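Biologist: I am new to this structure. Please walk me through it, one question at a time.

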Amino acid sequence: MANIRRFHPGMYIKETLEAMKMTAMEFSARTGIYERTLSAIINGNEDITFDIAYKLSLYFDNSVNYWTNLQNQYNLYTYEIEKEKELEEEWNLIKGVKKYLLEGNYISAEDGKTEIICKCRQVVGVNSLLLLKKEDSFVCLKEQHTKNEADCFFQNFWIALALNEARKKDVNPFSKSLLISSLTEIRNMTIQNQTVFYPKLQKIFDNCGISFVLLPYLSKSNIYGATKWFSKDNVMLAISNRGEKADLFWFTLFHEISHVLMEHRRETLINMKGSEDEEADRMASEMLIPQKEWDKFTSCKIYTKESINEFAKEIGIHPCIVLGRLHKEKKVPYDRFNKIFNLQYQITNKKK
């Protein structure tokens, strides 16, 4: 049967008709099978249905199962061939995230090809990694991206991984009022060590009903952060450590908090440079450094180590955030003060 299933059952009908010296037209007239249908089956372009199998069994005096089994075996063979091709496509996609998976202990160096593919599917919760090649229309991303399949795969892979992690968390129903009342405490964390603020930040988000996920940056995804409402009372807020810079971390965090506060729940919030994203940028900037305070500081146009430190201390944030905004607004060169104020956070997704 292993060899038989390689051939479409229409081939056997064709060979039988040739041996009987009977035309398809005559066979159609004798069996009641439409000649067009018969021609399609003989040429391997159409399956033998139960009705056709029944008519063939009557004429050849054999069982219906004989014909349906021939068709099923052939269909199984072609299905397996197609799945082998898909596995190769999935494997080619995994090559771009294999290092990320290894570093996170999602897979091991000893795993075989098929095992890696299966584990990778489980990590992101999909039946096939090929599904991640399509643009995700439900996630709010931090910045503009192209929409080719390669970009979409890396973006969707990271987001799907973050969503799987978010759904594992046991958090309260979302409370906007509690989140608003916690903003000052969250902002004060900018001057704390990562090992100190992170557990407290996680607890605040749990209480506010936000599934907070912190994952390392995935190369080629270009994702700083993403938010997604996956139920009426549950929202994911995910942050990556792209660049590992503390000022980017805090601005991205408050940007995504802004999306949560504005309850941007509509489906298409991806690859935006529109009003909602601009509004989130403005809110994040205002929460970190109030505009009135910023205008007062920048009006002097004197930016020194001492002035930056003094201003940061005055408003209660880390000076790297002040420097980050100065860089963004091109008030000082990007290479200036970096050695003094640069602060990096290490984020790991290693599974225990």
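Modeller: One definition comes before the questions. Buried means under 20% relative accessible area, and exposed means over 50%. Keep in mind that this is a predicted model.

Biologist: How many helices and strands are there in the chain?

Modeller: The chain has 352 residues, and buried residues make up 47% of them. Counting its elements gives 16 helices and 4 strands.

Biologist: Which exposed residues does α1 carry on the face turned away from its buried side?

Modeller: Start with the buried residues of α1, residues 10-20: they are Gly10, Tyr12, Ile13 and Leu17. Down the axis they fall within an arc of 155°, so they line one face of the helix. The face turned away from them carries the exposed residues Glu18 and Ala19.

Biologist: Why can residues three or four places apart point the same way in an α-helix?

Modeller: The turn sets the direction of each residue. Residues three or four places apart point the same way because an α-helix has 3.6 residues a turn.

Biologist: Which helices do the buried residues of α1 pack against?

Modeller: The buried residues in question include Tyr12 and Leu17. After the helix comes Lys21, with a positive phi near 55°. The packing partners are α2 (24-31), α3 (35-42), α4 (50-60) and α5 (64-94).

Biologist: On how wide an arc do the buried residues of α2 sit, and what is that arc in degrees?

Modeller: The buried residues of α2 are Phe27, Ser28 and Thr31. They sit on the same side of α2, because their arc around the axis is only 105°.

Biologist: What covers the buried residues of α2, and which residue with a positive phi follows this helix?

Modeller: The face of α2 turned away from its buried side carries the exposed residues Met25, Ala29 and Arg30. The cover over the buried residues includes α1, α3 and α4. The helix is followed by a residue with a positive phi near 85°, Gly32.

Biologist: Which residues form one aromatic cluster with Phe27?

Modeller: Phe27 is one of the buried residues of α2. Its cluster also holds Tyr59, Phe60, Tyr66 and Trp67.

Biologist: Is Trp67 buried or exposed?

Modeller: Tyr66 and Trp67 form an edge-to-face pair, 5.0 Å centre to centre with 90° between the planes. Tyr66 is partly exposed, at a relative accessible area of 40%. Trp67 has a relative accessible area of 4%, which is under 20%, so Trp67 is buried.

Biologist: How many residues apart are Phe197 and Trp250?

Modeller: Phe197 and Trp250 form a tilted aromatic pair, 5.0 Å centre to centre with 55° between the planes. Both are buried: Phe197 has 1% relative accessibility, and Trp250 has 0%. Phe197 is in helix α10 (residues 194-208) and Trp250 in helix α11, so the pair links distant parts of the chain, 53 residues apart.

Biologist: Which helix gives the most to the largest nonpolar core?

Modeller: The core has 47 residues, and those with the most contacts inside it are Phe205, Trp250, Leu253, Ile257 and Val322. The helix that gives the most spans residues 246-261 and supplies 9 residues: α11.

Biologist: Which residues does Phe205 touch, beyond those up to four places away in sequence?

Modeller: Phe205 is among the core residues with the most contacts. Its list is Leu179, Ile186, Ile210, Phe212, Leu237, Leu253 and Ile257.

Biologist: How many residues are in the second, separate core?

Modeller: This core includes Val126, Ile159, Leu163 and Ala166. Its count is 34 residues.

Biologist: Which exposed residues lie on the face of α13 turned away from its buried side?

Modeller: The buried residues of α13 (residues 291-299) are Trp294, Phe297 and Thr298. They fall within an arc of 90°, so they line one face of the helix. What covers them includes α14 (305-315) and α15 (319-328). The face turned away carries Lys292, Lys296 and Ser299.

Biologist: Which backbone oxygen does the side chain of Ser240 reach?

Modeller: Ser240 is in strand β4 (residues 234-240). Ser240 is buried, with a relative accessible area of 5%. At 2.6 Å, its side chain reaches the backbone oxygen of Ile223.

Key
Residues numbered from 1 in each chain as written. Predicted model: local features only at pLDDT ≥ 70, side-chain atom pairs only at ≥ 80, totals over all residues. Heavy atoms only, no water. Core = buried A, V, L, I, M, F, W, Y, C linked by side-chain atoms within 4.5 Å. Buried < 20%, exposed > 50% of the residue type's maximum accessible area, 1.4 Å probe, protein only. Helix = DSSP H or I, 4+ residues; strand = E, 2+ residues; numbered from the N terminus. Contact = heavy atoms within 4.5 Å. Phe/Tyr/Trp six-rings, centres within 6.5 Å; stacked < 30°, edge-to-face > 60°. Arc of directions from axis to C-beta. Polar contact = N/O pair within 3.5 Å; in protein donor to acceptor, adjacent residues only side chain to side chain.
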